[in-house]
Amino acid sequence: VWSGVYTTTQAERGRAAFEASCAGCHRPDLSGRGPIPALRGEDFTGERHGQSVADLYELIRSTMPPGRPESLGDDAYADVVAFLLSANAYPPGEGDLPSHEEALRVIVFDEPAEE
């Protein structure tokens with residue numbers, strides 16, 4: 001994730017989709033509330049360490065929004081994941097995050113490379 005796997009334009013599309021479909025539960029600042037998890041900070045990033053972006057994408061696509069999973073379309077789910085990456089300070093890159101699970105499998109939440 002540290003090599004830049006989404007674009008800022010895609011993250012902005014994801015912000016719009018998040019605000020329309022997710023912010024009501026997860027809050028506009030991604031802080032969550034009660035049993036609804038935060039989508040930013042150590043609670044979000046630490047929980048993902050070692051997982052692939054495909055795991056996150058599939059979790060969101062298959063369960064959100066509640067009562068309407070898979071209703072946003074594959075590209076919109078990829079945009080939402082791009083927004084979450086942006087909100088958690090993962091750097092943008094040159095190309096959009098794909099919406100194909102196979103391509104997302106090779107993108108892993110790991111520690112930043114030491115310089």
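Let me begin with Y90, which counts as buried because its relative accessibility is 5%, and please keep in mind throughout that what we are looking at is a predicted model. W2, on the other hand, has a relative accessibility of 33% and therefore counts as partly exposed, since that class lies between the 20% limit for buried and the 50% limit for exposed.

I take these residues together because of their rings, and the structure holds three aromatic pairs. In one of them, the ring centres of W2 and Y90 are 4.8 Å apart and the planes meet at 55 degrees, so we call this pair tilted. As for where the partners sit, W2 belongs to the segment before α1 (8-21), while Y90 is in the loop between α5 (74-87) and α6 (101-105), so that the pair links distant parts of the chain, 88 residues apart. There is also a third member to mention here, as W2, Y90 and F109 form one aromatic cluster.

Let me turn now to the helices, and to F18 and F83, whose ring centres lie 5.3 Å apart with their planes at 45 degrees, so that this pair, too, is tilted. Because F18 lies in helix α1 and F83 in helix α5, the pair ties together parts that are 65 residues apart in sequence.

Are these two phenylalanines, F18 and F83, buried or exposed? F18 has a relative accessibility of 1% and so counts as buried, and F83 is buried as well, with a relative accessible area of 4%.

Technical notes
Residues are numbered from 1 along each chain as its sequence is written. This is a predicted model: local features need pLDDT of at least 70, side-chain atom pairs count only at pLDDT 80 or more; totals for chains, interfaces and linings use all residues. Side-chain values use heavy atoms; hydrogens and water are left out. Rings of Phe, Tyr and Trp (its six-membered ring) pair if their centres lie within 6.5 Å; planes under 30 degrees apart count as stacked, over 60 as edge-to-face and the rest as tilted. Helices (H or I, at least four residues) and strands (E, at least two) are DSSP runs, numbered from the N terminus. Buried means under 20% relative accessible area, exposed over 50%, partly exposed in between (1.4 Å probe, protein chains only).
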